[in-house]
Amino acid sequence: MSPRFTARAELLSALGLEAEERLRDGVPFASAVPAGPTGATAVPGVWVAGNVADPTAQVIVAAAMGLAAAAHITGDLGEEDTDRAVQAHRHATEVHDRAWWEERYRTAPGLWSGQPNDVLVTEVADLPPGRALDAGAGEGGDALWLAERGWQVTALDLAQVAIERGARAAAERGLADRVEWRQADLTEEPPEAGAYDLVTSSFLHPPADVREKVIAGLAAAVAPGGTLLVVNHDPSELAGGLPRHARPEYFASAEELVGLLDPAEWEVQVAERRPRSARGHEGEVHHVADAVLRARRVTGASGRP
Ligand SMILES: Cc1cc2nc3c(=O)[nH]c(=O)nc-3n(C[C@H](O)[C@H](O)[C@H](O)COP(=O)(O)OP(=O)(O)OC[C@H]3O[C@@H](n4cnc5c(N)ncnc54)[C@H](O)[C@@H]3O)c2cc1C
Ligand SMILES: C[S@@+](CC[C@H](N)C(=O)[O-])C[C@H]1O[C@@H](n2cnc3c(N)ncnc32)[C@H](O)[C@@H]1O
């Protein structure tokens with residue numbers, strides 16, 4: 001009677017790989033884990049070599065199988081690195097225009113939490129309700145919170161898909177008559193000048209080349225005596241690597257934002273880096289920081305209070 005060779009493949013069963021019977025002249029004589037010529041198994045990233053794959057291999061063949069598998073593993077890892085680098089490059093050259101934002105909203109049932117941003121809640125708590133503009137309102141988490149507190153809100157965003165979501169949420173919460181939803185591009189058309197007691201923008205992130213124009217438009221939309229609140233990711237976050245979909249030119253410190261305001265027209269009330277904890281998609285906690293600018297318009301453009 002001939003010996004029977006058994007592949008010690010129990011380790012692999014947790015990954016979904018099982019040894020199979022091998023037959024000689026129709027009679028089982030061994031077991032082995034099925035694999036292709038390079039040793040690649042049906043489970044991506046798992047290779048086998050030597051007797052576990054071929055029970056008849058002698059040392060020289062087993063060693064050659066190990067060498068072949070190693071070469072292909074190296075190739076596979078190299079390919080993965082290349083794919084990742086190509087993705088990163090594509091990502092860095094993406095244009096975040098209206099089509100990009102519409103698609104981003106369309107491909108997710110909800111991009112944001114629906115909750116108001118902490119900075120807004122803190123900074124607006126002491127303001128009497130009036131007319132507010134939420135610039136880059138997204139799905140309206142901030143706008144709806146303001147409306148619930150008695151503000152008459154214009155929620156403006158580049159993406160129609162986001163605005164429609166916000167409008168639906170407003171109707172469900174009985175706030176339809178308190179929020180006007182408007183699709184517009186703030187790099188092309190500034191909001192109505194002097195029309196709002198509060199202009200707020202959370203994470204709008206106008207890139208550096210249009211930041212001055214966009215912030216000037218938002219500032220001009222504030223009525224004398226009104227408040228401008230701008231919140232974005234603080235540049236210190238760049239030290240931890242770029243967050244998903246971000247680009248370095250989106251980041252402005254509170255000081256840079258202050259530099260865009262005419263000191264004769266504005267009393268800066270808050271200009272700071274404010275650390276915050278944020279929850280990721282899997283519930284993990286990240287420590288991030290916001291750049292916060294809050295300023296009160298002390299005069300109109302004419303210089304009169
Ligand atoms: C009796 C006999 C005589 C042989 N004579 C020759 C010869 O003269 N010339 C020749 O070229 N070949 C000979 N061979 C074949 C040779 O032994 C094999 O080709 C060679 O050992 C195969 O190498 P391998 O690395 O694939 O497997 P192995 O040498 O069997 O190495 C596998 C190793 O993995 C370990 N292991 C298994 N499961 C686990 C686990 N869960 N966790 C941690 N470790 C684990 C095992 O303990 C073992 O050390 C002979 C084989 C036998 C059985
Ligand atoms: C990161 S999201 C923030 C959304 C919301 N403020 C919040 O905090 O949940 C940025 C929003 O700005 C909008 N946006 C980007 N560029 C814009 C532009 N040029 N004009 C108007 N809105 C813009 C995007 O469509 C997106 O909804």
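**Close-ups of two ligands, one cavity and two domains**

An oxygen atom of ligand 1 sits 2.9 Å from a polar backbone atom of N51. That is a good place to start looking around this predicted model.

**View 1. Ligand 1 and the residues around it.** Besides N51, the backbone of A57 joins in, with one of its polar atoms 2.7 Å from an oxygen atom of ligand 1. R8 uses its side chain instead: an N or O atom there is 3.3 Å from a ligand 1 oxygen. On its own, ligand 1 exposes 990 Å², and the protein buries 33% of that. The full set of residues around ligand 1 is R8, G50, N51, A57, Q58, V59 and A62. Sorted by class, this shell comes out as three nonpolar, three polar and one charged.

**View 2. Ligand 2 and its side-chain contacts.** Two oxygen contacts are worth zooming in on here. A polar side-chain atom of Y105 lies 2.5 Å from an oxygen atom of ligand 2, and an N or O atom in the D157 side chain is 2.6 Å from a ligand oxygen. D185 deals with nitrogen: its side chain has an N or O atom 2.8 Å from a nitrogen atom of ligand 2. Taken alone, ligand 2 has 600 Å² of accessible area, and the protein covers 89% of it.

**View 3. The wider shell of ligand 2.** How many residues surround ligand 2? There are 16, and the closest are Y105, G136, D157, D185 and S202. By class, the shell holds nine nonpolar, five polar and two charged residues.

**View 4. The cavity.** The structure holds one cavity of 30 Å³ or more, and the space inside the largest cavity is about 30 Å³. Its lining runs through S201, F203, L204, H205, P206, I215, V230, V231, N232 and L257. Which strand gives the most to this lining? That would be β7 (residues 222-233), with three residues. Seven of the lining residues are nonpolar and three are polar, while none is charged.

**View 5. The two domains.** Stepping back, the domain assignment splits the protein chain into domain 1 (10-90) and domain 2 (98-297). How many Å separate the centres of domain 1 and domain 2? Taken over C-alpha atoms, the answer is 53 Å.

Conventions: Residues are numbered from 1 along each chain as its sequence is written. Chains are lettered from A and ligands numbered from 1 in the order in which they are written. This is a predicted model: local features need pLDDT of at least 70, side-chain atom pairs count only at pLDDT 80 or more; totals for chains, interfaces and linings use all residues. Side-chain values use heavy atoms; hydrogens and water are left out. On a 1 Å grid over the protein atoms alone, a cavity is a set of points where a 1.4 Å probe fits but cannot get out, and a pocket is an open set with protein on both sides within 12 Å along at least five of seven lines; lining residues have an atom within 4 Å of a point. Grid points are joined across faces, edges and corners, and a volume is the space filled by probe spheres set on the points. Helices (H or I, at least four residues) and strands (E, at least two) are DSSP runs, numbered from the N terminus. Ala, Val, Leu, Ile, Met, Phe, Trp, Tyr, Cys and Pro count as nonpolar, Asp, Glu, Lys and Arg as charged, and the others, Gly among them, as polar. Domain bounds come from an automatic or database domain assignment. A residue is near a molecule or strand if one of its heavy atoms lies within 4 Å of it. A polar contact is a pair of N or O atoms within 3.5 Å; within protein, one must be able to donate a hydrogen and the other to accept it, and residues adjacent in sequence count only if both atoms are side-chain atoms. Accessible areas come from the Shrake-Rupley method with a 1.4 Å probe; for residues, only the protein chains shown count as cover.
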